[in-house]
Amino acid sequence: MVNPRFPRSTISTITLSSSAMSIAFCIVLALSFLVTHSHSSHHTDANGGVAHGFESTRRPILALKTDPLKPRLDQIRKQADDHRSLALLYASYARKVKLESSKLVRVFAELSRNFMALMNKPKYRPLFGDDLSHIDESVLRQLEKEVKERIKTTRQVIGDAKESFDNQLKIQKLKDTIFSVNEQLTKAKKQGAFSSLIAAKSISKGLHCLSMRLMEERIAHPEKYSDEGKPTPPEVQDPKLYHYALFSDNVLAASVVVNSAMKNAKEPHKHVFHVVTDKMNLGAMQVMFKLKDYSGAHIEVKAVEDYKFLNSSYVPVLRQLESANLQRFYFENKLENATKDTTNMKFRNPKYLSILNHLRFYLPEMYPKLHKILFLDDDIVVQKDLTGLWKIDMDGKVNGAVETCFGSFHRYAQYMNFSHPLIREKFSPKACAWAYGMNFFDLDAWRRTKCTEEYHYWQNLNENRTLWKLGTLPPGLITYYSTTKPLHKSWHVLGLGYNPSIGMDEIKNAAVVHFNGNMKPWLDIAMSQFKPLWTKYVDYELEFVRACNFDF
């Protein structure tokens, strides 16, 4: 509805006036912009030249934040940093694998330094400054060219070194594997040695059975087997006969020694065996050697207790064996303790606690009427007649024995502590060692040279085991240092208890074979190729042996 106070013509006039004013204002603004733009586009620079607007301001306002060359610069810088890090990584790896030549290490380190030096060149520093409003494309192009050259060099060096790295890596892995296997092998050897030691100490079921059955027989018929109150047979003290000393607590082993010796002797009735055991096994040993005549050989069986002079006041080793420290050394058989010194682990065998093992140093006093005697261990087998030993000229020496040294092995240095001044002063470390097991003793020469007194002197000095470890060979080497007569090796072949590589020809030609080592022929751990040499002399025809079901 139209207001009557404002006619239509008036309203139209006002509308047209407003539109005209709006149009005029827009035209004025446009003209002002054009004048300003024209002025700025044609002003003269300081050199009198005309500068264009984009060149004077260099970039539009939006370009101040995002330069088109910036991503390209970032990419070049990232490539340089990546290859510098790669060069450093290869240099570090080259040190780790311990290359034989340090050339590659130096090359990679130099490549890394080159990348850093390139970025720090004065002409390239503005590219990495805070002012990102302008990046000179020609400088950027030069930087890119140098970075690419260094990247190419780096890649070439890496390619050339890769084969060397691969080989070194394989070598390093192989070394690590070998080291690991060696550790496992050492551990297995220690455990094996400990297990073998336990097996060597053990008494098999058959041996225990035999001793018990023989002892039962002895108790049931004492009058049949006892020598108590009976006169000593004259043959036992006859120096014209062939005398043997055998000290053992193993009934079966002792019988094999006597049986093998007599089966190979030409005149068995001229041979006399002096068997000495401990009181516990005396009854069984008496029965064993009364059950058969052993081809007419004379056999005396006695207990070590029958020799009254063998007491702790006279025998140094008996006095030492009473010490708590020595007993702890023998009986400390936990794996972690017993395997501390695998070289001398064998000396922890309880046989070294027995005086039976040291009776060999008292032969002249045990058999005062004899001139010569052959000492035999209980782990030997006799294969030939041994009377030839009595015909050997001993040249005034006390001990006839087979030497065991070859090269640098089995020299005195391996058995004694040559860091001790007494040992170093009296003995040569290169002196050749010999073997116990079959030893021919001239008892008259022994008495003249007072070997037992010499043994006592050194045994007393070694109470704390500072001169040698335990055992009877080191004091034997010392006692008979200058009084040993070397015998031909065919008299005594050793090692059947630990060395599987002994040739059968050597064994066949031997007068005595010795099962020294832990693999005794009566144990399950014995070497099968040598066991028949021993088992063929076991008296299977004896009822007591058959009853114990020996599985040889």
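**Asking what earns each label**

Me: What makes S5 and strand S10 (residues 512-514) count as a pair?

Reply: S5 and S10 pair in the antiparallel sense over 3 bridges. The cut-off is at least two bridges between the strands, so 3 bridges is enough for the label. One bridge you can look up links isoleucine 380 to histidine 514 in S10. Keep in mind that this is a predicted model.

Me: Which strands are called the edges of that sheet, and what makes them edges?

Reply: The sheet is open, has 3 strands in the order S5-S10-S9, and its pairing is mixed. Strand S5 (380-382) and strand S9 (492-493) are the edge strands, as each pairs on one side only.

Me: How do you know which parts of the prediction to treat with caution?

Reply: By pLDDT, the predictor's confidence in each residue. The average is 82, and 78% of the residues score at least 70. Two stretches to watch are residues 1-16, where pLDDT stays under 50, and residues 30-64, where it is below 50. The model has 2 contacts beyond four places in sequence for residues 1-16, while residues 30-64 have 14 contacts beyond near neighbours in sequence. Where pLDDT is low, don't read the predicted coordinates in detail.

Me: What makes cysteine 209 and cysteine 548 a disulfide?

Reply: Their sulfur atoms are 2.1 Å apart. The cut-off is within 2.5 Å, so the pair qualifies. In general, a disulfide is a covalent bond between the sulfur atoms of two cysteines.

Me: Which hand does the disulfide of cysteine 209 and cysteine 548 have, and how do you know?

Reply: Look at the torsion about the S-S bond: about -80°, so the disulfide is left-handed. As for what the disulfide ties together, cysteine 209 lies in helix H6 (residues 205-220) and cysteine 548 in the segment after helix H20 (543-547), so parts 339 residues apart in sequence are joined. Both cysteine 209 and cysteine 548 are buried.

Me: What about cysteine 405 and cysteine 432: what makes that pair a disulfide?

Reply: Here the sulfur atoms are 1.7 Å apart, again within 2.5 Å, so the pair passes. With -100° about the S-S bond, this link is left-handed. Cysteine 405 is in the loop between strand S6 (399-402) and helix H14 (421-426), and cysteine 432 is in the loop between H14 and strand S7 (438-442), so the parts tied together are 27 residues apart in sequence. The structure holds 2 disulfides, and with the bonded cysteines numbered in sequence order the pairing is 1-4, 2-3.

Me: Are cysteine 405 and cysteine 432 buried or exposed, and how do you know?

Reply: Buried means under 20% relative accessible area. Cysteine 405 has 17% relative accessibility, so it counts as buried. Cysteine 432, at 16%, counts as buried too. Cysteine 451 has 3%, so it also gets the label. Across the 552 residues of the protein, 43% count as buried.

Me: How do you know what span to expect for helix H8 (residues 251-263)?

Reply: H8 has 13 residues, and at 1.5 Å a residue these should span 18 Å. The end C-alpha atoms are 18 Å apart, so the two values agree.

Me: Why is H8 described as largely enclosed by the rest of the structure?

Reply: Because 12 of its 13 residues are buried. Among them are Val251, Leu252, Ser255, Asn259 and Met262.

Me: And what makes S7 largely enclosed?

Reply: 5 of the 5 residues of S7 are buried, so the description fits. Both faces are covered: Met438, Phe440 and Asp442 lie on one side, with Asn439 and Phe441 on the other.

Me: Which strands pair with S7, and how do you know?

Reply: Count bridges again. Strand S4 (residues 372-376) is joined to S7 by 5 bridges, running antiparallel; isoleucine 373 has phenylalanine 441 in S7 as its bridge partner. S6 joins S7 through 2 bridges, also antiparallel, with glycine 400 opposite phenylalanine 440. The cut-off is at least two bridges, so S6 and S7 count as a pair.

Key: Residues numbered from 1 in each chain as written. Predicted model: local features only at pLDDT ≥ 70, side-chain atom pairs only at ≥ 80, totals over all residues. Heavy atoms only, no water. Buried < 20%, exposed > 50% of the residue type's maximum accessible area, 1.4 Å probe, protein only. Helix = DSSP H or I, 4+ residues; strand = E, 2+ residues; numbered from the N terminus. pLDDT = per-residue confidence, 0-100. Contact = heavy atoms within 4.5 Å. Expected span 1.5 Å × (residues − 1).
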